[in-house]
Amino acid sequence: MAARRTDGVKRLLHHPLTLIVATVLTTVSALWLGFRVYEHREAEQRRQDILAAARQSALNFTSLDYRHYDRDSAQVLKGATGDFKEQFAGQTEELTKLVAQNRSVSEGQVLEAGVVRSDEDSARVLVVADSKVTNVAVPKGEGRTYRLQLDLVLEDGRWLTSAVEFVG
């Protein structure tokens, strides 16, 4: 019985067309699998880049100190674009006076972040952040928790925040 199996395999291997078809099928399968792995890695890298940008933006937004508010607000603007950038920049002068007058310090910490949706050049991320806020009214500080929805867009290879909304 073993001889029969061996003879059948030998016959198949002696047919060049069978070998060509098997080689083509194997090559196509390997290329398809390789492409799928590449696509998966690209999508995962994009997701990680989006999350990193959203986390940094939320951290910048929740970490502001009256003693160097110009630097802190510049960090927020560096990661911003569109309407959000215009709105924040438009309020910077007023906010600078307000945080200085109140001696406000907010030390933010991102607890969680998750991508709600994304495509090649836009994303929506939900972020939960805590901050300890001190000012003249609360010199010992008070904890605050923020739930933020950040919309991001890809511009010149960087994920920038185009909108920030406080949610539930």
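**Aromatic rings, a pocket and selected residues**

Author: Both Phe84 and Phe88 are buried in this structure. The model is a predicted one, and the values discussed below are computed from it.

Reader: How is a pair of aromatic rings described?

Author: Two quantities serve for the description, namely the distance of the ring centres and the angle of the planes.

Reader: How many aromatic pairs does a search of the whole structure find?

Author: The search finds five aromatic pairs. One of them is formed by Phe61 and Phe166, whose ring centres are 6.1 Å apart and whose planes stand at 45°, so this pair is tilted. An angle under 30 degrees would count as stacked and one over 60 as edge-to-face. The pair also links distant parts of the chain: Phe61 belongs to helix H2 (residues 16-62) and Phe166 to strand S5 (residues 158-166), with their positions 105 residues apart. Phe84 and Phe88 likewise form a tilted pair, with 6.1 Å from centre to centre and 45° between the planes.

Reader: Why are Phe84 and Phe88 separated by about one helical turn?

Author: Both residues lie in helix H4 (residues 82-102), and because they are four residues apart in that helix, about one helical turn separates them.

Reader: Which residues form one aromatic cluster?

Author: The cluster consists of Phe61, Phe84, Phe88, Tyr146 and Phe166.

Reader: What does Phe61 touch, not counting residues up to four places away in sequence?

Author: Phe61 touches Val76, Phe84, Phe88, Leu148, Val164 and Phe166. One may also consider C-alpha positions: those of Phe61 and Leu77 are separated by 9.5 Å, while the two residues are 16 residues apart along the chain.

Reader: Let us turn to the pocket. How much space lies in the largest pocket?

Author: The largest pocket holds about 630 Å³ of space. It is lined by 24 residues, and those closest to its centre are Phe61, Leu64, Phe88, Leu95 and Phe166. Helices H2 and H4, together with strands S4 (142-155) and S5, are the elements that each give two or more residues to this lining.

Reader: Which element gives the largest share of that lining?

Author: Helix H4 does, with ten residues.

Reader: What is the make-up of the lining by class?

Author: The lining of the largest pocket has 13 nonpolar residues, nine polar residues and two charged residues.

Reader: Is Thr92 buried or exposed?

Author: A residue is called buried when its relative accessible area is under 20%. Thr92 has 15% and is therefore buried. Thr92 lies in helix H4, and its side chain reaches the backbone oxygen of Phe88 at a distance of 2.8 Å. When residues up to four places away in sequence are set aside, Thr92 touches Tyr69, Ser73 and Leu77.

Reader: Where is the place of Ser73?

Author: Ser73 is in helix H3 (residues 69-78). With 3% relative accessibility, Ser73 counts as buried. Under the usual exclusion of residues up to four places away in sequence, Ser73 touches Leu64, Phe88 and Thr92.

Reader: How does Gly82 count in terms of relative accessibility?

Author: The label for values between 20% and 50% is partly exposed, and Gly82, at 35%, therefore receives it. Gly82 is located in helix H4. Its C-alpha atom is 10.0 Å from that of Leu152, although the two residues are 70 residues apart along the chain.

Reader: How far apart in space are Val105 and Ala123?

Author: Val105 and Ala123 are 30 Å apart from C-alpha to C-alpha, and 18 residues apart in sequence. Val105 is in strand S2 (residues 105-118) and, at 9% relative accessibility, counts as buried. Beyond its neighbours within four places in sequence, its contacts are Leu64, Asp65, Tyr66, Arg67, Lys132, Val133 and Thr134.

Reader: Finally, what is the phi of Arg103?

Author: Phi of Arg103 is near 50°, a positive value in a residue other than glycine. Arg103 is in the loop between H4 and S2. Asp156 has a positive phi of about 50° and is not a glycine either; this residue lies in the loop between S4 and S5.

Reader: Is Asp156 buried or exposed?

Author: Exposed residues have over 50% relative accessible area; Asp156 has 81% and is therefore exposed.

Notes. Residues numbered from 1 in each chain as written. Predicted model: local features only at pLDDT ≥ 70, side-chain atom pairs only at ≥ 80, totals over all residues. Heavy atoms only, no water. Phe/Tyr/Trp six-rings, centres within 6.5 Å; stacked < 30°, edge-to-face > 60°. Buried < 20%, exposed > 50% of the residue type's maximum accessible area, 1.4 Å probe, protein only. 1 Å grid on protein atoms, 1.4 Å probe; cavity = no way out; pocket = protein on both sides within 12 Å on 5 of 7 lines; lining within 4 Å. Points joined across faces, edges and corners; volume = space filled by probe spheres on them. Nonpolar A, V, L, I, M, F, W, Y, C, P; charged D, E, K, R; others polar. Polar contact = N/O pair within 3.5 Å; in protein donor to acceptor, adjacent residues only side chain to side chain. Contact = heavy atoms within 4.5 Å.
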